[in-house]
Amino acid sequence: MHFHQHGYVSADPRIEAAAGYGIDRPADLPDEVDVLIVGSGPAGMVAAAQLSQYPGVNTRLIEKRDSRLVIGQADGIQARSVETFQAFGFAEEIIREGYHIIDMSFWNPDPANPEHIIRTGRPKDDETGISEFPHLIVNQARVLDYFAQFAKQSPGRIEPDYGIEFVDLTIDEDSASKHPVSVTVRYTTGERAGEERTIRAGYVVGCDGARSGVRKSIGRTMTGDQANHAWGVMDVLANSDFPDIRNKCAISSKHGNILHIPREGGHLFRMYVDLGEVPEDDARKVRQTSVDEIIDRANAIIKPYSIDVKNVAWHSVYEVGHRLTDAFDDTDDTTPGSPCPRVFITGDACHTHSAKAGQGMNVSMQDGFNISWKLGQVLSGRSSQELLRTYSAERQVTAKNLIDFDKEWSTLMATPQEELPDETYLQDFYVKTAEFPAGFMTEYTESMITASTAHQELATGFPVGKRFKSARVQRNCDANYIHLGHRARADGRWRVYVFADAPSPTDATSSKVTELADWLNADPASPLVKYRRAGEDLDSLLELSVIYQQGHTEFSFPDVPTVFRPHVGEFDLEYVEKIYATLDGEDIFEERGISRDGAVVVVRPDQYVSGIFPLDAHDEIGSFFDGVFVSEQ
């Protein structure tokens, strides 16, 4: 962690000083807010956590419940989400707390006795090293707790306003006000229960679930299909002779299918139990299936084994549905100069699917991460409102791809073994598509914040539009082994990784890094010069890191251009921990396909690669950031 730059810190360094609207934050919901977040689910809490890093933005989050979530329905945490947790500072804690999925067992009918099941495969969960982070199972409520802690400890000091529900909104398109959205809310608890009031908001982010009132208020509807196949799901404490009771399993038997997921803590597990096809005239009667019926069905499916349930923590019945809205904001018009969106929807409010692929919470969090840094950047005057058009354009495509994948996976999960092409078909599908459910197939296309792939050959391991895949380097000043991507915090800053050409820092005259550093530090066209505000640290908007091809003993940090060792904080202290060397036998240049001529890799605040540039493409780098930032008015 980086601290002490403003003076000696002896308390918890994760608790940042309150600033802006975080100072003496009023207990009651004010009459005007810059951003109103509706719903404290995964997307809402990520958005609040990120916006709490923008204390000059007046953000409030309302939640109709009277307190924190106690029992969460989602529990699968994909590696991409753990990468996100790392940026918010709690990956280590949640990794320690969660259940780790190492492999997955596949069970099918025994050819010698089809009434019984046998294990037919046990592939690794991540055979190809998609991420250095694990695939976890953690109660959704705990994930929300960690984001809530981050938001409360950040300068904006955002905490949910519990006991307030969204009723409706209207947008005054002709208003010159900074807060043109009128939002009616209703108190649900306490002395004010039933009272309605209207507040004004600059922007509204609807994170209020599949029955979203925000979605309805902007006239969006969800379209798609209902698979007419029901599943019972239960979190239980039980004893069992099933040998893989503590291993993730896909179970197919003559009596149906089960997706079995052990939970954190050593005893709890979840079962998605196949309840079969639902008649069209069922009138939702399948929703009345009792937990005892679900348990009986599970025992029939896993013969010759059984489960003896001692306690049911939670259970439900749902029918698989795949639905999507055609846009994730209140405007269809993407023409520059037309009104920019004011209302956004996230998560289940704009895309629903089955729980089998474990993507609901994970994709929702990325929705919230995506829109929140963009709102922060616009409302803090760093970017134009045009940036907000990229939210729907990016996330709607991602959700469509998720639904297409989930349709195939959930269909296979419900298909009897004898109807599949062969007994390993489901297992093979699981292995070959591992990158998608791990959260790493998202790839944003060219836009104002995503450059073209013209220079992709300079860094083939960092595909433009995909998340920045970390690799290890060695810090020059102290020889510590560092995962490069793990240093990036969710603080709203962009990252610029400069991968040096062949000359050593001691041979500065022949290196293009020296020329780039001079340009970054002093040229009026440099984003560090052009968009840095008076009194700000050099790295307040763009955090620079430089990675050399030499080992850490072959140069010292004073040999490196000063732009990579900025002076920060109240005491103008030199910060030298963003200068890196290449590890012997673990060369990041080789691992990520980086040219020995060097490259500049630009990464946006939510960890996606925005562009690859040659070291000497100063004008091109400047032009890219001119499309992202605006000068202070």
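Helices and strands are here DSSP runs, a helix having at least four residues and a strand at least two. The structure is a predicted model. With that definition, the span of residues 442-632 is 15% helix and 19% strand, and its end C-alpha atoms lie 33 Å apart. An unreviewed UniProt entry annotates residues 442-632 as "domain: Phenol hydroxylase-like C-terminal dimerisation".

**Helix packing**

Two packed helices are described by the angle between their axes and the distance between the axes. Two such pairs are set out below.

| Helix pair | Axis approach | Crossing angle |
|---|---|---|
| α1 (residues 42-51) and α4 (residues 140-153) | within 8 Å | roughly 20 degrees |
| α10 (residues 512-522) and α13 (residues 618-626) | within 11 Å | roughly 40 degrees |

For α1 and α4, the crossing of roughly 20 degrees falls under the limit of 35 degrees, and the two helices are therefore roughly parallel to each other. The crossing of α1 past α4 is left-handed. On the α1 side the contact is made by P42, M45, V46, A48 and A49, which meet Q140, L144, F147, A148, F150 and A151 of α4. By class, the residues of this contact comprise 10 nonpolar, 1 polar and no charged.

For α10 and α13, the axes cross at roughly 40 degrees, and these helices are therefore oblique to each other. Here α10 passes α13 in a right-handed crossing. The contact brings E515, L516 and W519 of α10 against H618, I621 and G622 of α13. Its residues are 3 nonpolar, 2 polar and 1 charged.

**Salt bridges**

Side chains of opposite charge can pair when their charged atoms come close. Across the whole structure, 49 salt bridges are found. One salt bridge joins the side chains of R197 and D31, with an N to O distance of 2.8 Å. R197 belongs to strand β11 (residues 196-206), whereas D31 sits in the segment before β1 (32-38), so this pair ties together parts that are 166 residues apart in sequence.

**Backbone features**

Most residues other than glycine have a negative phi, and most peptide bonds are trans. Two sites in the model depart from these tendencies. The peptide bond between K303 and P304 is cis, with omega of about 15 degrees. P304 is located in the loop that runs between α6 (291-301) and β16 (307-324). The other site is R157, which is not a glycine yet has a positive phi of about 50 degrees. R157 is placed in the loop between α4 and β8 (160-162).

Notes: Residues numbered from 1 in each chain as written. Predicted model: local features only at pLDDT ≥ 70, side-chain atom pairs only at ≥ 80, totals over all residues. Heavy atoms only, no water. Axes fitted to C-alpha atoms, helices over the stretch in contact; angles between N-to-C directions. Parallel < 35°, antiparallel > 145°, perpendicular 65-115°, else oblique. Left-handed = near helix turned anticlockwise from the far one by under 90°. Contact = heavy atoms within 4.5 Å. Nonpolar A, V, L, I, M, F, W, Y, C, P; charged D, E, K, R; others polar. UniProt positions renumbered as here; feature names shortened; annotations may be inferred. Salt bridge = Lys/Arg side-chain N within 4 Å of Asp/Glu carboxyl O.
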